[in-house]
Amino acid sequence: MTSEVRIEGRVFVRAAHRRAVTPERGTVVRVRRYEVALFDVGGDVVAYENACPHQGGPIGEGFVESGTVTCPWHAWCFDLRTGTLTLGDFARLRRFDVHVEGSELYVAAEPVEGSAW
Ligand code: FES
């Protein structure tokens, strides 16, 4: 099992077993210099930097419900499909691409450019 794979020139780092990510809560992993929160949204795994755009709260420890996560610090709520704040379009989580290979999850070593506001 390799710890990294290259896809179209981009590096993806093995981050977690697929079963470690469940719909009830976030799963926080380390991907090189980033702390990343993984979420299961309807069977798909999405990944965001574990830092709320408001004041850096640990979004991976937030309350997960109906495809959203609520930051544990000041309750900003984000749509997990898009990473966008649900109460306005002025903030968005920094997204990382996810690659599933067998039962392993690989997360891109760098965030999607321009994904955070
Ligand atoms: S740090 Fe997340 S709502 Fe304030």
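1. Two strands count as paired here if DSSP finds at least two bridges between them. The model is a predicted one. In it, four strands pair in an antiparallel manner to make an open sheet, in the order E3-E4-E5-E9. E3 and strand E9 (95-96) are the edge strands; each has a single partner, so one side of each lacks a neighbour in the sheet.

2. The link between E5 and E9 deserves a look in the viewer. These two strands run antiparallel and are joined by two bridges. Tyr 48 is the residue to find here: Arg 95 in E9 stands opposite Tyr 48.

3. Tyr 48 also has a list of contacts beyond its close sequence neighbours. With residues within four places in sequence set aside, Tyr 48 is in contact with Val 36, Ala 37, Ile 59 and Gly 83, and also with Leu 93, Arg 94, Arg 95 and Phe 96. Arg 95 thus appears both in this contact list and as the residue opposite Tyr 48 in E9.

4. The largest nonpolar core has 30 residues, and Tyr 48 belongs to the group that touches the most other members, along with Ala 15, Val 31, Val 36, Leu 38, Ile 59 and Val 107. At least two core residues come from each of strand E2 (10-17), strand E3 (27-31), strand E4 (34-41), strand E5 (44-49) and strand E11 (104-108). The most is given by E4, which supplies five residues.

5. A second open sheet, of three strands, has the order E6-E7-E8, again with antiparallel pairing. Its edges are strand E6 (63-65) and strand E8 (77-79), each of which pairs on one side only. From one strand to the next the twist averages 20 degrees.

6. Within that sheet, three bridges hold the antiparallel pairing of strand E7 (residues 68-70) with E8. One pair to locate is Val 69 and its bridge partner in E8, Phe 78.

7. Is Ser 103 buried or exposed? Ser 103 has 11 C-beta neighbours inside 10 Å, and a residue is exposed if that number is 12 or fewer, so Ser 103 counts as exposed. Ser 103 sits in the loop between strand E10 (98-101) and E11.

8. Ser 103 still has partners from elsewhere in the sequence. Not counting residues up to four places away, Ser 103 touches His 17 and Arg 18. Val 21 is 82 residues from Ser 103 in sequence, while their C-alpha atoms are 11 Å apart in space.

Technical notes: Residues numbered from 1 in each chain as written. Predicted model: local features only at pLDDT ≥ 70, side-chain atom pairs only at ≥ 80, totals over all residues. Core = buried A, V, L, I, M, F, W, Y, C linked by C-beta atoms within 7 Å. Buried ≥ 20, exposed ≤ 12 C-beta atoms within 10 Å, placed from the backbone. Contact = placed C-beta atoms within 7 Å. Axes fitted to C-alpha atoms, helices over the stretch in contact; angles between N-to-C directions.
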